[in-house]
Amino acid sequence: MTGVTDRPDRPDPLDDDLGWMLGIVFRGHVRAAEHALADFPGGPRGYQVLTAAVNGPTRNQGAIAEELGLDRTVLTYLIDDLERPGFVARRADPADRRSRLVDVTDLGRDAWEQRRKALRQVESHLLGALTPAESATLRALLQRVACSTQATDPLRDLCEVVAQVRPEPDTTGRRGTGRRPGAA
């Protein structure tokens, strides 16, 4: 409970608002991750780029930008930041010399491992109200939702979802009918 209301017969409307819950957890995670990655090249975004390089097959910059939802120009600067200390290296794609592949280096893999441990501590703190089994279940469910969401076109699909749940405007001038114009 958020504590906004003390009446048991009148639950707080935020208690079941997914956006509010996700926002609180997201902001807590962002603050803690920014602290844990304060001196990391590119901060949390740089860490995400390095994670993509560590955990995936070697890909070009465009594929990484799309996967992470980053503007290609922003990604270029992040890769520059990661290249300076030797965490990643770029090389020409043999299939398309205009494209650059991003390879993680051994130094980058070590830096990623260290930061991953720090972020696991952040996550453990954030999920401290849950048992280990509940935490594992939450992670599994969030992973499923995240993968499903990423596999769709969020702008198109989310607009369709909003259109389905938003009440139609009453163009008849009548109030409170709950029916769409022309519905029997």
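**Exercise 1.** Which helices each supply at least two residues of the lining of the largest pocket?

*Solution.* This is a predicted model, where local features need pLDDT of at least 70, side-chain atom pairs count only at pLDDT 80 or more, and totals for chains, interfaces and linings use all residues. Residues are numbered from 1 along each chain as its sequence is written, and side-chain values use heavy atoms, with hydrogens and water left out.

Step 1. Fix the terms. Helices are DSSP runs of H or I, at least four residues, and strands are runs of E, at least two, numbered from the N terminus. A pocket is an open set of points on a 1 Å grid over the protein atoms alone, where a 1.4 Å probe fits, with protein on both sides within 12 Å along at least five of seven lines; lining residues have an atom within 4 Å of a point.

Step 2. Read off the helices. They are helix 1 (18-36), helix 2 (43-55), helix 3 (61-68), helix 5 and helix 6 (132-151). Helix 6 gives the most, with 9 residues.

Step 3. Find the centre. Of 38 lining residues, F26, H29, E123, L142 and A146 lie nearest to it.

**Exercise 2.** Place R116 and state whether R116 is buried or exposed.

*Solution.* Step 1. R116 sits in helix 5 (residues 106-126).

Step 2. Relative accessibility is 18%, so R116 counts as buried. The cut-offs are under 20% for buried, over 50% for exposed, and partly exposed in between (1.4 Å probe, protein chains only).

Step 3. List contacts (heavy atoms within 4.5 Å). Leaving aside neighbours within four places in sequence, R116 touches Y47 and E123.
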